[in-house]
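The exercises below ask you to read a protein model step by step, each with a worked solution. Keep the sequence and the structure in view as you work.

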Amino acid sequence: MADFPETAWPYPRPDSPPLLTPEQAEHTLNVWLVPRFSMLTLFCLLEPLRVANRFGRDLFAWRLLSADGEAVVASNGVRIDVDGALESLEDITRLMVVSSYEAEATVRFQDRAVLRRIAAHGGWLGGLDTAPFILARAGVLEGHRVALHWESVPAFRLEFPELDISPARFEFDTTRLTGSGGAASIDMMLEWIERAYGPALADAVGRQLVHERARGDGGGSQQHRYRELPRSVVRTLAVMEANLAQALPIPEVCLLVGQSQRQLTRLFQRHFGETPQQCYLGMRLDRARQLLADSRCLVTEAALATGFTQPAHFTRAYRRRFDEAPSVTAVRGSSVMEPQDESSMCF
């Protein structure tokens, strides 16, 4: 088999995947655009998700919403069409509010009622730039640390002295995400990608955006490690992390990365002391262990979620790597978990 050229493509999936519908993607982010919102914040929110979809699988979709379902004008005067009205959202969902100037000028009582309904049903809510004002006035930020644009902090502290204001550029927890907006939204979304799929994919997306994550944000210790690796190795790790649930044959991974299997094997053995196949298997088993330890996931569900179609094969591989059966990990994990519903799982 002939080697593929070292730089066949600058990154995987060069055809650029089409925009996805919520039915096609694993995660969907609903974005409520408030009139005079920041266009920079919106682009920095969505571009990392679009780039992540280029690494071999359909991971993220988004829907733009307005209060009435009509187009919204940003602070720079550009009119943006939307996909629907805010009130069309289901009770349990992910909703990010994006606003900037005059955040409350057009927000109606029924809009705040939608936020309260989502919160009451365990949904996930976020707000960027001045949007934490909207969330706080709806009464859905109690018990959560709040990050927002630095210009808005004095007024927010005066109006909501009981809320805990964070100096960070964004704050993540299981059901709330607030942030300063603007370019910091890139780091925020890279944090989501890392939590959902791992640091290699987040690092690869950041590289494609020519963006170096700020010190102190999630994944900082891993960033230094990945900066020392060849680009083709980081791209390979990103493709693997994006395809844990549907394991790809190594030749297909090589095609996506634009690297020959022989050269990729040499690089992996040099940097990790194992072949790409061994590394890929280890990543899938590590994810299965995380699922079993951190959720009420059944052994068969964890196996299927990490690309194992034969339970016996999964159990043997798991026992070899961790020196215990997956059922043991599952029992230990379920005994220490706090009661929670599906909507409170990691963003």
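**Exercise 1. Find which residues L33 touches, leaving aside residues up to four places away in sequence, and then place L33 within the nonpolar cores.**

Solution. Bear in mind from the start that this is a predicted model. Beginning at L33 and leaving out residues up to four places away in sequence, we find that L33 touches L42, L64, L65, S66, V72, I80, V82 and V98. The next step is to look at the largest nonpolar core, which has 62 residues and in which L33 and L45 are the residues with the most contacts inside it. A second core, separate from that one, has 28 residues, among them W32, V107, F133 and L141.

**Exercise 2. Describe the protein as a whole: how many helices and strands does the protein have, and what share of its residues is buried?**

Solution. Counting the secondary structure first, we arrive at 14 helices and 11 strands. Turning to burial, 53% of the 347 residues in the protein are buried. The accessible surface comes to about 16,300 Å², and carbon and sulfur atoms account for 52% of that surface. Finally, among contacts with a separation of 6 or more, 68% are between residues 24 or more positions apart.

**Exercise 3. Decide whether T236 is buried or exposed, and name residues that T236 touches.**

Solution. T236 is first located in helix 8, which covers residues 231-242. Its relative accessible area is 0%, and because buried means under 20%, T236 is buried. Leaving out residues up to four places away in sequence, T236 touches V253, V257, L264 and F268.

**Exercise 4. Compare the span of helix 11 with the expected one, and list its buried residues.**

Solution. Helix 11 runs over residues 276-294 and so has 19 residues. From its first C-alpha to its last it reaches 27 Å, close to the 27 Å expected at 1.5 Å a residue. The buried residues of this helix are P276, C279, Y280, G282, M283, R284, L285, R287, A288 and L292. For C279 the relative accessibility is 9%, which means that C279 counts as buried.

**Exercise 5. State how many disulfides the structure holds, and say whether C44 is buried or exposed.**

Solution. A disulfide is a covalent bond between the sulfur atoms of two cysteines. The structure holds 0 disulfides. As for C44, the relative accessible area is 9%, so C44 is buried.

**Exercise 6. Locate D68, and find which backbone nitrogen lies 2.9 Å from a polar atom of its side chain.**

Solution. D68 lies in the loop that joins strand 2 (60-66) and strand 3 (72-73). With a relative accessible area of 51%, D68 is exposed, because exposed means over 50%. A polar atom of the D68 side chain lies 2.9 Å from the backbone nitrogen of E70. Along the chain D68 and L86 are 18 residues apart, while their C-alpha atoms are separated by 7.0 Å.

**Exercise 7. Examine the phi values of E102 and V210, and describe where each of these residues is found.**

Solution. Most residues other than glycine have a negative phi. E102, a residue other than glycine, has a positive phi near 50°, and E102 is found in the loop between strand 6 (94-99) and helix 2 (109-120). At 53% relative accessibility, E102 counts as exposed. V210, which is not a glycine, has a positive phi of about 50°, and V210 is found in the loop between helix 6 (199-208) and helix 7 (220-227). The relative accessible area of V210 is 77%, so V210 is exposed.

Methods
Residues numbered from 1 in each chain as written. Predicted model: local features only at pLDDT ≥ 70, side-chain atom pairs only at ≥ 80, totals over all residues. Heavy atoms only, no water. Disulfide = S-S within 2.5 Å. Buried < 20%, exposed > 50% of the residue type's maximum accessible area, 1.4 Å probe, protein only. Helix = DSSP H or I, 4+ residues; strand = E, 2+ residues; numbered from the N terminus. Contact = heavy atoms within 4.5 Å. Areas by Shrake-Rupley, 256 points an atom, 1.4 Å probe, with all protein chains shown as cover. Polar contact = N/O pair within 3.5 Å; in protein donor to acceptor, adjacent residues only side chain to side chain. Expected span 1.5 Å × (residues − 1). Core = buried A, V, L, I, M, F, W, Y, C linked by side-chain atoms within 4.5 Å.
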